[in-house]
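Biologist: I have a new model on my screen and some words I would like to understand. Could we go through them together?

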Amino acid sequence: MVLRIPLRRSASFTPDHQPVVEVPTPTPQKMEANVVVLGADSVGKSESIYTHTLAVEGREILFHIWDFPCSQMRTDESSSEDKRIQWADGFVLVYSICDRASFNSVQPKVQVIKAAKEGPAQEKVPIVIVGNKRDLHHRRTVSSEEGRLLALSLDCEFYEVSAAEAYHGALMVFHGLAERICEAKLALKKGTGIRSIVKSVSAVFARKRTDSM
């Protein structure tokens, strides 16, 4: 499943009789994020790696996206799968609303990711579940409610998209994922800072105990 975000051009126009005043704009904060997109066979079979830059709330995020078919993951070595999971900052799991088997494969895959990424001291891993082919509603076998309930039970974001609105659908998915990744990175940074303070204080008290002996 290739959730590519096409580039969009924008233009601004100023009346001829008004002077153009250039106002300096603040440099956006930059961040990089690794994302693995997992799609069932019926969703997309080709593997690809690409990058895309997205602006989210004044922050410029450079996505490194690895689009990976689940069938290839099933036949892949477990060590390679673990490396791929550890490499990623966020995950997009795609199923087809016309294929219940692809929907049923989402929960086990989320559990594998969470087991590998979420430890006692780690924050929740950013995961987005996407129901694809919403435009083929006449062939639907998985309801929107089922997708939402699954995502809620797994603490994931949920979207349904269609080929007819590929740009807007992919944009929503990656915006939602970007927000989760930013929150996770900020929480991790705060946690690291607190742990450093605790270690420093502990070291001071340890030295005092040694000096008093």
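Biologist: Let us start with one residue. Why does serine 162 count as buried?

Modeller: Happy to help, and please keep in mind that this is a predicted model. Buried means under 20% relative accessible area. Serine 162 has 7% relative accessibility, so it counts as buried. You will find serine 162 in the loop between β6 and α6 (166-212). Leaving out residues up to four places away in sequence, serine 162 touches Asn132, Lys133, Arg134 and Asp135.

Biologist: And why does arginine 84 count as buried?

Modeller: The reasoning uses the cut-off of under 20% again. With 5% relative accessibility, arginine 84 counts as buried. Arginine 84 belongs to helix α2 (residues 78-87). Its C-alpha atom is 9.9 Å from that of asparagine 34, and the two residues are 50 apart along the chain.

Biologist: What makes strand β5 mostly covered?

Modeller: Count its residues: in β5 (residues 127-132), 6 of 6 are buried. On one side these are Ile127, Ile129 and Gly131, and on the other Val128, Val130 and Asn132, so both faces are covered. For the chain as a whole, buried residues make up 38% of the 213 residues.

Biologist: How do you know that β5 pairs with strand β4?

Modeller: Two strands pair if at least two bridges are found between them. Strand β4 (residues 90-96) and β5 are joined by 6 bridges and run parallel, so they meet that rule. One example is tyrosine 95, whose bridge partner in β5 is glycine 131. The other neighbour to look at is strand β6 (residues 157-160), joined to β5 by 4 parallel bridges. There, isoleucine 129 has phenylalanine 158 as its bridge partner.

Biologist: Which strands stand at the edges of the sheet, and why?

Modeller: First follow the order, β2-β3-β1-β4-β5-β6, in an open sheet of 6 strands with mixed pairing. β2 (48-56) and β6 each have a single partner strand, so one side of each is left without a neighbour in the sheet. From one strand to the next, the twist averages 25 degrees. Within this sheet, strand β1 (residues 29-39) and strand β3 (residues 59-69) pair in the parallel sense over 11 bridges, with valine 35 opposite isoleucine 65 in β3.

Biologist: Where do helices α4 and α5 meet the strands?

Modeller: Helix α4 (residues 106-117) packs on the sheet and touches β1, β4 and β5, and its direction makes about 170 degrees with that of β4. Helix α5 lies across β4, β5 and β6, at about 160 degrees to β6. Together, β5, helix α5 (residues 144-153) and β6 make a right-handed β-α-β unit.

Biologist: Which elements have the lowest and the highest mean pLDDT?

Modeller: Helix α1 (residues 70-75) has the lowest, at 54, and α5 the highest, at 96. The chain has a mean pLDDT of 76, with 64% of its residues reaching 70 or more. Over residues 7-15 the pLDDT is below 50, and this stretch has 4 contacts in the model beyond near neighbours in sequence. Residues 193-198 stay under 50 too, with 2 contacts beyond four places in sequence.

Biologist: Why should I be careful where pLDDT is low?

Modeller: Where pLDDT is low, the predicted coordinates should not be read in detail.

Key
Residues are numbered from 1 along each chain as its sequence is written. This is a predicted model: local features need pLDDT of at least 70, side-chain atom pairs count only at pLDDT 80 or more; totals for chains, interfaces and linings use all residues. Side-chain values use heavy atoms; hydrogens and water are left out. Buried means under 20% relative accessible area, exposed over 50%, partly exposed in between (1.4 Å probe, protein chains only). Helices (H or I, at least four residues) and strands (E, at least two) are DSSP runs, numbered from the N terminus. A crossover is right-handed if, with the strands pointing away from the viewer, the path from the first strand over the helix to the second runs clockwise. pLDDT is the predictor's confidence in each residue, from 0 to 100. Contact means heavy atoms within 4.5 Å. Axes are lines fitted to C-alpha atoms, for helices over the stretch in contact, and angles run from 0 to 180 degrees between N-to-C directions.
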